[in-house]
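Work through the exercises below with the coordinates open beside the text. Each task is followed by a solution that proceeds step by step.

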Amino acid sequence: MAKTDVNDFSDPTVMAKVTELKKELQRLVKAIVDDDEDCSIESIDEAKEKLCALKELKQRRNQRSLSLKLLDSLTCPEEFRCPLSKELMRDPVMLATGQTYDRPFIQKWLNAGNRTCPLTQQVLPHTILTPNHLVRGVISQWCRSRGIELSDSVHNINDEGVTDAIRDHFLSLLEKMSLTPPEQKKAAKELRLLTKRMPSFRALFGESLDAIPQLLNPFSENKSQTSIHPDLQEDVITTLLNLSIHDSNKKLVAETPKVIPLLTEALRSGTIETRTNAAATLFTLSALDSNKALIGKSGALKPLIDLLEEGHPLAMKDVASAIFSLCMIHENRSRAVQDGAVRVILKKIMDRMHVDELLAILAMLSNHPKAIEEMGEVGAVPCLLSIIRESSCGRNKENCIAILHSICLNDRTKWKEMREEENTYGTISDLAKNGTSRAKRKASSILERLNRIVNIIHTS
């Protein structure tokens with residue numbers, strides 16, 4: 001009988017791998033196209049690697065049909081089947097409880113946030129998966145006797161593309177984070193590069209609850225971040241940023257006790273790259289509402305606002321994005337106002353810095369009484385009216401008129417400025433005719449009130 005090569009491309013996790021490769025490839029191609037003069041050779045090489053990996057996955061998946069039909073026609077022993085998939089195990093691994101599963105399926109179980117053994121329901125002390133070479137050998141022997149050969153790639157590579165060698169290297173790098181400062185620096189630099197370039201390396205951090213604490217070992221023992229070498233601090237913070245990109249890591253990263261305090265402190269100290277990447281990490285983590293609340297309670301908004309006030313060009317966009325995302329929940333809006341966000345944001349808008357992002361934040365804060373009071377004190381009305389006149393962006397005009405609507409409803413002294421603007425430029429009437437649907441509603445409401453005021457003045 002002819003031998004048949006059987007891979008694990010029937011596993012649902014393979015499709016996730018294909019999707020992730022496509023996303024990475026799309027990002028790289030966009031970066032290359034948008035940056036045609038300055039695009040790096042490294043980006044092009046990385047794009048080629050992703051393309052080759054995608055091609056290999058597609059080819060293997062196309063070749064699996066005949067092999068699966070042959071396997072389906074055979075009845076394998078029950079102990080060779082994964083308890084989760086009920087299929088022949090291609091890469092048997094053991095949990096801490098000693099139960100054996102097929103790696104892709106138990107990995108998917110763990111990646112979903114489960115921390116118990118599916119069979120025994122025992123809580124897992126760790127989520128490290130240990131290859132079960134004995135079961136693997138027995139299954140291989142059974143397959144060979146029936147003319148089926150399990151590919152070596154199944155034995156050495158899981159659904160994330162992680163070989164045993166990669167896993168061992170990952171663990172050795174984490175161990176070095178507890179050694180001497182020079183070894184920590186070298187390991188942190190490599191972890192930063194690997195978590196940037198390899199989605200599989202980012203996924204490895206989700207396999208063990210101890211991985212992120214090990215990464216943060218240089219900051220333990222009550223060490224101040226100012227006593228840590230700037231390069232080491234930057235590499236660790238950037239590694240956290242790379243990890244937070246992986247969706248299944250966001251909750252784990254944010255809920256690791258030292259992470260958010262470390263990021264908050266990094267906003268205040270270190271190189272501008274470190275501070276910028278700390279802001280970017282908080283923005284990425286805040287994609288989850290539970291993380292928004294956690295970050296807000298930690299006091300991270302104040303250093304974010306301070307960094308925004310400094311106005312460093314490298315940091316502005318990431319800081320503004322983080323503040324905007326965090327303020328999407330009500331309690332963080334109050335915190336931002338209390339921490340002085342309104343005056344800082346208005347000053348930047350007046351200087352025409354990152355107007356789009358900052359107007360969006362200001363619009364979210366404009367329902368807060370203290371925010372409205374501060375806007376009136378620092379001259380928000382003429383600034384916002386000038387943006388409506390000058391800007392060609394419909395969204396910016398919409399945010400401006402929404403803020404003005406809130407100000408005028410709560411501060412009657414501003415109606416005079418609004419009436420003068422309308423009489424001189426017809427700004428509000430124009431927006432009521434040509435703005436977005438929301439802008440039209442807000443502008444029309446203001447015009448109605450202005451007309452009432454005029455009628456009252458005339459009748460009196």
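**Exercise 1.** In this predicted model, determine which exposed residues are carried by the face of helix α8 turned away from its buried side, and then establish how the buried residues are arranged around the axis.

*Solution.* The face of α8 turned away from its buried side carries the exposed residues P182 and K186. Next, list the buried residues of this helix, which are Q184, A187, A188, L191, L194 and T195. Because these residues cover an arc of only 135° around the axis, they lie on the same side of α8. The general background is that an α-helix has 3.6 residues a turn, so residues three or four places apart point the same way. Finally, ask what this side meets: the buried residues of α8 pack against α7, α9, α10 and α11.

**Exercise 2.** Check whether the span of helix α8 agrees or disagrees with its number of residues.

*Solution.* Helix α8 comprises residues 181-197, which is 17 residues. At 1.5 Å a residue, the helix should span 24 Å, and since its end C-alpha atoms are 24 Å apart, the two values agree.

**Exercise 3.** Describe the geometry of the aromatic pairs that F170 forms with F201 and with F205, and state which parts of the chain they link.

*Solution.* The structure holds three aromatic pairs. In the pair of F170 and F201, the centres are 5.5 Å apart and the planes enclose 85°; an angle over 60 degrees counts as edge-to-face, and this pair is therefore edge-to-face. F170 lies in helix α7 and F201 in helix α9, so the pair ties together parts that are 31 residues apart in sequence. The pair of F170 and F205 is also edge-to-face, with 5.0 Å centre to centre and 80° between the planes. This pair links helix α7 to the loop between α9 and α10, where F205 is found, across 35 residues. Turning to burial, F170 counts as buried because its relative accessibility is 4%, F205 counts as buried at 0%, and F201 is buried as well. Taken together, F170, F201 and F205 form one aromatic cluster.

**Exercise 4.** Decide whether E234 is buried or exposed, and identify which residues it touches.

*Solution.* E234 belongs to helix α11. With a relative accessible area of 13%, E234 is buried. Leaving aside residues up to four places away in sequence, E234 touches R192, T271, E273 and T274. With one of these, T271, the side chain of E234 makes a polar contact of 3.2 Å.

Key: Residues are numbered from 1 along each chain as its sequence is written. This is a predicted model: local features need pLDDT of at least 70, side-chain atom pairs count only at pLDDT 80 or more; totals for chains, interfaces and linings use all residues. Side-chain values use heavy atoms; hydrogens and water are left out. Rings of Phe, Tyr and Trp (its six-membered ring) pair if their centres lie within 6.5 Å; planes under 30 degrees apart count as stacked, over 60 as edge-to-face and the rest as tilted. Helices (H or I, at least four residues) and strands (E, at least two) are DSSP runs, numbered from the N terminus. Buried means under 20% relative accessible area, exposed over 50%, partly exposed in between (1.4 Å probe, protein chains only). The expected span of a helix is 1.5 Å times one less than its number of residues. The arc is that of the directions from the helix axis to the C-beta atoms. Contact means heavy atoms within 4.5 Å. A polar contact is a pair of N or O atoms within 3.5 Å; within protein, one must be able to donate a hydrogen and the other to accept it, and residues adjacent in sequence count only if both atoms are side-chain atoms.
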